[in-house]
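Please open the structure in a viewer and keep the selection tool at hand. The tour below proceeds by selections, each followed by a description of what is found there.

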Amino acid sequence: MRFTGTESYVATPDLTTAVNAAIVLERPLLVKGEPGTGKTVLAEEIARGLGAPLLTWNIKSTTKAQQGLYEYDAVSRLRDSQLGDPRVSDIGNYIRRGKLWEAFTAPERPVLLIDEIDKADIEFPNDLLTELDRMEFHVYETGETVRAARRPIVIITSNNEKELPDAFLRRCFFHYIKFPDAETLTRIVDVHYPGIKHRLVEEALRVFLEIREAPGLKKKPSTSELLDWLKLLVSEDIGPEELRERDPRKLVPPLHGALLKNEQDVSLFEKLAFMMRREGRGG
């Protein structure tokens, strides 16, 4: 069972090596990188490439580790007992299975995505250590132990919003997705828009990378935002000539709202573009 990428996902050799190493070691793959670099999509493409089912556990600031195992709805059981509902005799009717339980008991070896783990409380990763290590947990209400028939392929993403505990990191195989270089970005664009004009892509990438390299930018545009911008350029029939525009009244590129997401960055780029063009370095 090896991942080699898919037709719709450009996976660099170091990324495929990391995925396959995690599969061989049977350890979670912890993936970090800038937002928009394809961390979440990676899990989807691994599942597609391996022909495996995908289970996704989206983590929020309020998510608790126990929710990944199961939740016991004591309130509903109490209410049903007051109403004389016969279901109360079986406590299993009030056990809600979490994503880990689903992954452990899946008929086929699944890919389990634990998405944006750094959004949760700092204790969240530590609370999952035993379950991810042993691939089992105990259900106290029913007295049963749930064990994984086969270890799921676990992909964990993080946007580096907070540091993860060392004990948790020791149990993972780590990979940082670097922001793609111009050649890789071109391949990504070709995958999503196979018929797009080469000159438009060339000029759009030049402007895109110029924006990303602008010092002091609060939020650098991501790969997904580049793709959105290109879609808009094609839709509005904007050609490469307009992207090379040197008119000082048009300091930001057309449809820049797909790339620059706050007024401070728009103002900053306008100033930098004006300085560059005044010095004869723009375009």
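**First stop: α9 and α10**

Select helix α9 together with helix α10, residues 198-212; the two pack at an angle of about 130°, with their axes 11 Å apart. That angle makes α9 oblique to α10, since oblique is the class for angles that are neither roughly parallel, roughly antiparallel nor roughly perpendicular. The crossing of α9 and α10 is right-handed. Please note at this point that the model is a predicted one.

Now display the side chains where these helices meet. On the α9 side they are A182, L185, T186 and V189, and on the α10 side V201, L205, F208 and L209. By class, the residues of this contact of α9 with α10 comprise 7 nonpolar, 1 polar and no charged.

**Second stop: α9 and α11**

Keep α9, residues 182-192, in the selection and add helix α11, residues 223-235. The axes of α9 and α11 come within 11 Å and cross at roughly 50°. These two helices are therefore oblique to each other, and the crossing of α9 and α11 is right-handed.

Which residues make the contact? From α9, select L185, I188, V189 and H192; from α11, select T223, L226, L227 and L230. The contact of α9 with α11 divides into 6 nonpolar, 2 polar and no charged residues.

**Third stop: α10 and α11**

Next, hide α9 and view α10 with α11. Their packing angle is about 135°, and their axes are 11 Å apart. α10 and α11 are therefore oblique to each other, and α10 passes α11 in a right-handed crossing.

To see the contact, select L200, A204, L205, V207 and F208 of α10, then L226, W229, L230, L233 and V234 of α11. How many residues of this contact of α10 with α11 are nonpolar, polar or charged? The contact has 10 nonpolar, no polar and no charged residues.

**Fourth stop: the domains**

Zoom out to the whole chain and colour it by domain. The domain assignment gives domain 1 as residues 13-177 and domain 2 as residues 182-276. How far apart do the C-alpha centres of domain 1 and domain 2 lie? The distance between these centres is 37 Å.

**Last stop: an annotated span**

Finally, select residues 25-183, where UniProt, in an unreviewed entry, places the feature "domain: AAA+ ATPase". Mark the C-alpha atoms at the two ends of residues 25-183: they lie 31 Å apart. Colouring the span by secondary structure will show its make-up, which is 31% helix and 25% strand.

Technical notes. Residues numbered from 1 in each chain as written. Predicted model: local features only at pLDDT ≥ 70, side-chain atom pairs only at ≥ 80, totals over all residues. Heavy atoms only, no water. Domains from an automatic or database assignment. Axes fitted to C-alpha atoms, helices over the stretch in contact; angles between N-to-C directions. Helix = DSSP H or I, 4+ residues; strand = E, 2+ residues; numbered from the N terminus. Parallel < 35°, antiparallel > 145°, perpendicular 65-115°, else oblique. Left-handed = near helix turned anticlockwise from the far one by under 90°. Contact = heavy atoms within 4.5 Å. Nonpolar A, V, L, I, M, F, W, Y, C, P; charged D, E, K, R; others polar. UniProt positions renumbered as here; feature names shortened; annotations may be inferred.
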